[in-house]
Amino acid sequence: MLGQDARATSKVAPGAPALRGIWLTRAKDGRLTAYVAGNGRLRRWSETRPGGPQWDAPDVVPLPGLTHLSVAQNSQGYVHFAGRRERPAASGGVTVDVVHAIQYQTGRPVSSWNSLGNPHKEADVGSGFGAPVVVVKASGEVHVAARNGRGGMMVRRERADGKWRGWEDLRCTRIKEVPAVVALDSGCLEIFASTDKGTLYWQQEKPGGGWGEVERSPFAVSPGSLAVLETAPGRATYFWTDPSGGVVAYRADGSPMELGGTPGEGGHAVIRTELDGLDCTVLAHRGVNGAVAVGVGVTEKEAGGVWWSDTGAACLGTPALTHDALGRVVMAAVGTDGEPRVARQTEGPGLGFDEWRAL
């Protein structure tokens, strides 16, 4: 098991990209945990009680050689981590593999990192293996998807007995960015990825089954901006930033819909919540001015408009969204000083947030 010594450090291969990000999870006991990656480690804060507002002092989980990290939860509240790891190769360059670990309870140590390997035998191709995305189905089956070293899409999944199947090649090329992956209530997965010529979309044929033929579309996606949310039973909506500016929403077999907004570089956090008796979708991103911006609209009724507001809080990277134990929307972001802050939904009509609170 990995320890929680706040003095712990982790080495990253020379020249490796800096790992950054913030995530929010909610355990079975109702407490939120905020994770902030940076400097080869993952700092972790947990609420002292469900609903907050106080948080424990942070502890640290080492991230040995990780350049990218993805975080997901299962129905039991277990937190799954999947990372892209770089290690110096004896012959020069780096050796890349995908690693997986689990946190079983709030504040408990993270398990040892288990290598899921790299399907490429050639070192030069293997070093180009992309950042993984981890998702967990309602049944508990863990899936990891990543762009391979030749620009294709690979998936690896856990069996019911806890062992992992081999890498599955979805046979495509030209993928440039981290895909958007969603586990639907139907038990099927969907994958959406962008290329330099448009987008690629896969849907699992049945729960636990194979993948249908890839569907291609000419839509342009700004690098690193893809996000996904299940917006109706068995149906996902994909969100991204259009290269010409503004946020776009898209559902399979439909057309991209403009949502407005002025996003900067990076991705979108997205969540559903009830506001004034309506099922609404909330988006958050780093605006072009460097501050957290929030958008609200009725779920799957984008034509009715999305209302955007600027929080005025400067941030680094993409914010995070979740619900606390009292059902309030909680927003987290990393400030320009590298420290996390959270804001909670306030009572009253519409969606408002209280003052940002430093952890």
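Visitor: How do the residues of the lining of the largest cavity divide into nonpolar, polar and charged?
Guide: In this predicted model, the lining of the largest cavity consists of five nonpolar, five polar and two charged residues.

Visitor: Which residues are they?
Guide: The lining is formed by Thr231, Thr237, Phe239, Leu259, Thr281, Leu283, Gly297, Val298, Thr299, Glu300, Glu302 and Val306.

Visitor: And how much space lies in that cavity?
Guide: The largest cavity holds about 80 Å³ of space. The count of cavities of 30 Å³ or more comes to one.

Visitor: Which strands each supply at least two residues of the lining?
Guide: Strand E18 (235–241), strand E22 (278–286) and strand E23 (291–298) each do so.

Visitor: Turning to pockets, what is the volume of the second largest one?
Guide: The second largest pocket has a volume of about 310 Å³. It is lined by 20 residues, of which Val294, Val296, Ser309, Leu351 and Phe353 are the closest to its centre. Two or more lining residues come from each of E22, E23 and strand E24 (307–314).

Visitor: How does that lining divide by residue type?
Guide: The lining of the second largest pocket has 12 nonpolar, four polar and four charged residues.

Visitor: Back to E18. How many bridges pair E18 with E19?
Guide: E18 and E19 are paired over four bridges, in the antiparallel sense. Within this pairing, Tyr238 is opposite Tyr250 in E19.

Visitor: What about the hairpin of those strands: which residue takes a positive phi?
Guide: In the hairpin of E18 and E19, with five residues between the strands, Gly245 has a positive phi near 110°.

Visitor: And which strand does E19 join through three bridges?
Guide: That strand is E20 (residues 257–260), which runs antiparallel to E19. Val247 is placed opposite Gly260 in E20. The hairpin of E19 and E20 has six residues between the strands, and there Asp253 takes a positive phi near 70°.

Visitor: Which way do the side chains of E19 point?
Guide: Val247 and Ala249 point one way, while Val248 and Tyr250 point the other way. All four are buried. In general, side chains in a regular strand alternate between the two faces of the sheet.

Visitor: On to aromatics. How many pairs are there by the count?
Guide: The count comes to 12 aromatic pairs. In one of them, the ring centres of Tyr35 and Phe81 are 5.6 Å apart.

Visitor: Why is that pair edge-to-face?
Guide: The planes of Tyr35 and Phe81 stand at 80°, so the pair is edge-to-face, the cut-off being over 60 degrees. This pair links distant parts of the chain, with Tyr35 in strand E2 (residues 32–38) and Phe81 in strand E6 (residues 79–88), 46 residues apart.

Visitor: Are those two buried or exposed?
Guide: Tyr35 is buried, at a relative accessible area of 1%. Phe81 also counts as buried, with a relative accessibility of 1%. Phe192 and Tyr250 form a tilted aromatic pair, at 5.8 Å centre to centre and 45° between the planes.

Visitor: Where do Phe192 and Tyr250 sit in the chain?
Guide: Phe192 belongs to strand E14 (residues 189–195) and Tyr250 to strand E19 (residues 247–250), 58 residues apart. Phe192 and Tyr250 are both buried. One aromatic cluster is formed by Phe192, Tyr201, Phe219, Tyr238, Trp240 and Tyr250.

Visitor: What about the largest nonpolar core?
Guide: The largest nonpolar core has 16 residues, and those with the most contacts inside it are Trp23, Leu42, Leu63, Leu66, Leu69, Phe81 and Trp113. Two or more residues come from each of E2, strand E5 (66–73), E6 and strand E7 (94–103). E5 gives the largest share, three residues. Another core lies apart from it, with 15 residues that include Val133, Met153, Ile191 and Ala193.

Visitor: Finally, what is the strand order in the open sheet of four strands?
Guide: The order is E9-E10-E11-E12, with antiparallel pairing. Strand E9 (133–136) and strand E12 (168–169) are the edge strands, each pairing on one side only. Strand E10 (residues 142–147) is joined to strand E11 (residues 153–157) by five bridges. The bridge partner of His143 in E11 is Arg157.

Key
Residues numbered from 1 in each chain as written. Heavy atoms only, no water. Pairing = 2+ DSSP bridges. Phe/Tyr/Trp six-rings, centres within 6.5 Å; stacked < 30°, edge-to-face > 60°. Buried < 20%, exposed > 50% of the residue type's maximum accessible area, 1.4 Å probe, protein only. Core = buried A, V, L, I, M, F, W, Y, C linked by side-chain atoms within 4.5 Å. 1 Å grid on protein atoms, 1.4 Å probe; cavity = no way out; pocket = protein on both sides within 12 Å on 5 of 7 lines; lining within 4 Å. Points joined across faces, edges and corners; volume = space filled by probe spheres on them. Nonpolar A, V, L, I, M, F, W, Y, C, P; charged D, E, K, R; others polar.
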